[in-house]
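Let's take a walk through a protein model together. Keep the structure open beside you and look up each residue as it comes along.

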Amino acid sequence: MTDTSLDFRVTREDLTRFMQAALVAAGANQASADAVSRALVTASRMGTDSHGLRLLPHYLQALKGGRINGAPDMVFHQRLAATGFLNADDGLGHLAGYTAIEHAMAMAGEVGMGAVAVGNSSHFGAAGCYALAAAEKGYLGMAFCNSDPFVLLHDGAKPFHGTNPIAFAAPVAGDAPYLLDMATSSIPWNRVQQFGAIGRELPDQVAADAGGKVSRIPGEIAALLPLGGSSFGFKGAGLGGMVEILSSMLSGMQHGFKLLPMGGPDMSTPRGVGHFFLAMKPDAFVEEGAFAHGLAEYLADLRAQPATPNARVMAPGDREWRCQAQRDVDGIPLDSANQSAYAEIARQYQLAPLSRLD
């Protein structure tokens, strides 16, 4: 019988073991399984479960249906000294993402910058994982991805852009990286689901019903508003378009409005998702040490600023690193829905189930 108590926590090592075993059982090769588990566990350690452990059942379904190639032959073509294209061969986007940022860093190590467009890919989880991979090796990293339509244009009545994320990470000497990972919509879709589950109204100016009218009732929501809401949504819509151009046009893929929905029902046709990655070597721009000194000074001044009552000024990433430190000690929590989903995966693929951390 599945333990669906709220206090069900697992170690990141056991979660990684389980994910890798399930993915291999579903048809992924070891490189793909390693990349997916690395990205999902990274996201869940930082508290972003919507782009972490919750996604495993979806990827297993896509592998089983044939939408995703579990053993892709990804081929990188370097076009110029600092640019290239990765054909992901309809493989898992996580393997494409980590492969592409490695190529971008290799070029940046040689000429100061490296940019890689990725085509024929699939959903890659949290964009921040790939920017973070660059920052952990001393580079500035950026990651972008298109997705199927769920966000209104400014003054639009129907969804056009996806949530089209922007991620940026920078290395911080002696500390965790600066990490920004944001959707270009006002809120992520999982926030609508969370508010609906607890019977709570949404904030104003973040989502709309099927007619494009702003609504605060989760059950009525058919689309998200771009960042900035009704009055200033041109900002979010413009950023979403920028992500679309980098991810779709530079990779030769169709734009997100024409993508098949991530959630199906078609789980057999590849979606052709596009990504874009950029790596920059700090010392290629200024003398060695100048970047690290300037960033440390900036972050010290930022965190020292006065906050509103009962609040604290934080830099992008601070909240995530705090959560990661706590979850590395206390374990990564699974809610009742995920406990049931993982128990079913264990039964379906005859895997040793997750062990509850005492």
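Here, a residue counts as buried under 20% relative accessible area, as exposed over 50%, and as partly exposed in between. At 35% relative accessibility, glutamate 102 therefore falls in the partly exposed group. Keep in mind that this is a predicted model.

**Charged pairs**

Side chains of opposite charge can pair when their charged atoms come close. In this model, eleven salt bridges are counted. Three of them are set out here.

| Salt bridge | N to O distance |
|---|---|
| Arginine 45 and aspartate 328 | 2.6 Å |
| Lysine 137 and glutamate 102 | 3.0 Å |
| Arginine 303 and aspartate 318 | 2.7 Å |

Start with the pair in the top row, where arginine 45 and aspartate 328 form a salt bridge. Arginine 45 sits in helix α2 and aspartate 328 in helix α9, so this pair ties together parts that are 283 residues apart in sequence. Arginine 45 is buried, with a relative accessible area of 17%, whereas aspartate 328 is partly exposed at 31%. These two also belong to a network of salt bridges that links Arg12, Glu13, Arg45 and Asp328.

Next come lysine 137 and glutamate 102, whose side chains also meet in a salt bridge. Lysine 137 is in the loop between α5 and β5, while glutamate 102 is in helix α4, so the pair ties together parts that are 35 residues apart in sequence. Lysine 137 is exposed, with a relative accessible area of 52%.

In the bottom row, arginine 303 pairs with aspartate 318. Arginine 303 belongs to helix α8 and aspartate 318 to helix α9, so here the parts tied together are 15 residues apart in sequence. Arginine 303 is partly exposed at 35% relative accessibility, but aspartate 318 is buried at 16%.

**Two helices to follow**

How many of the 16 residues of α2 are buried? Twelve of them are, so this helix is mostly covered. Among the buried ones are Ala33, Val36, Leu40, Val41 and Arg45. The buried residues of α2 pack against α1, α3, α4, α5, α9 and β13. From its first C-alpha to its last, α2 reaches 22 Å, close to the 22 Å expected at 1.5 Å a residue. After the helix comes glycine 47, with a positive phi near 95°.

Now for α9, which has 13 residues and reaches 18 Å from its first C-alpha to its last, close to the 18 Å expected. Its buried residues are Asp318, Trp321, Cys323, Gln324 and Arg327. They pack against α2, α5, β9, α8 and β13. Just after α9, glycine 331 has a positive phi of about 100°.

In the loop between α8 and α9 you'll find alanine 311, which is partly exposed at 43% relative accessibility. Alanine 311 and isoleucine 345 are 34 residues apart in sequence, and their C-alpha atoms are 41 Å apart in space.

**The nonpolar cores**

In soluble globular proteins, nonpolar side chains tend to be buried together. The largest nonpolar core in this model has 39 residues, and those with the most contacts inside it include Leu86, Tyr98, Ile101 and Phe277. Two or more residues come from each of α2, α4, β4, α5, β5, β8 and β12. Which element gives the most to this core? That would be α4, with nine residues.

Take a look around isoleucine 101: leaving aside neighbours within four places in sequence, isoleucine 101 is in contact with Tyr130, Ala133, Ala134, Phe277 and Leu278. Apart from the largest core lies another one of 32 residues, among them Leu53, Met262, Tyr342 and Ile345.

**One last stop**

Histidine 161 has its place in strand β7. Is histidine 161 buried or exposed? Histidine 161 has a relative accessible area of 8%, which is under 20%, so this residue is buried. Not counting residues up to four places away in sequence, histidine 161 touches Asp148, Pro149, Phe150, Val151, Leu153, Ala237, Gly240, Gly241 and Glu244.

Conventions: Residues are numbered from 1 along each chain as its sequence is written. This is a predicted model: local features need pLDDT of at least 70, side-chain atom pairs count only at pLDDT 80 or more; totals for chains, interfaces and linings use all residues. Side-chain values use heavy atoms; hydrogens and water are left out. Helices (H or I, at least four residues) and strands (E, at least two) are DSSP runs, numbered from the N terminus. Buried means under 20% relative accessible area, exposed over 50%, partly exposed in between (1.4 Å probe, protein chains only). A salt bridge is a side-chain nitrogen of Lys or Arg within 4 Å of a carboxyl oxygen of Asp or Glu. The expected span of a helix is 1.5 Å times one less than its number of residues. Contact means heavy atoms within 4.5 Å. A nonpolar core is a set of buried Ala, Val, Leu, Ile, Met, Phe, Trp, Tyr and Cys residues joined through side-chain atoms within 4.5 Å.
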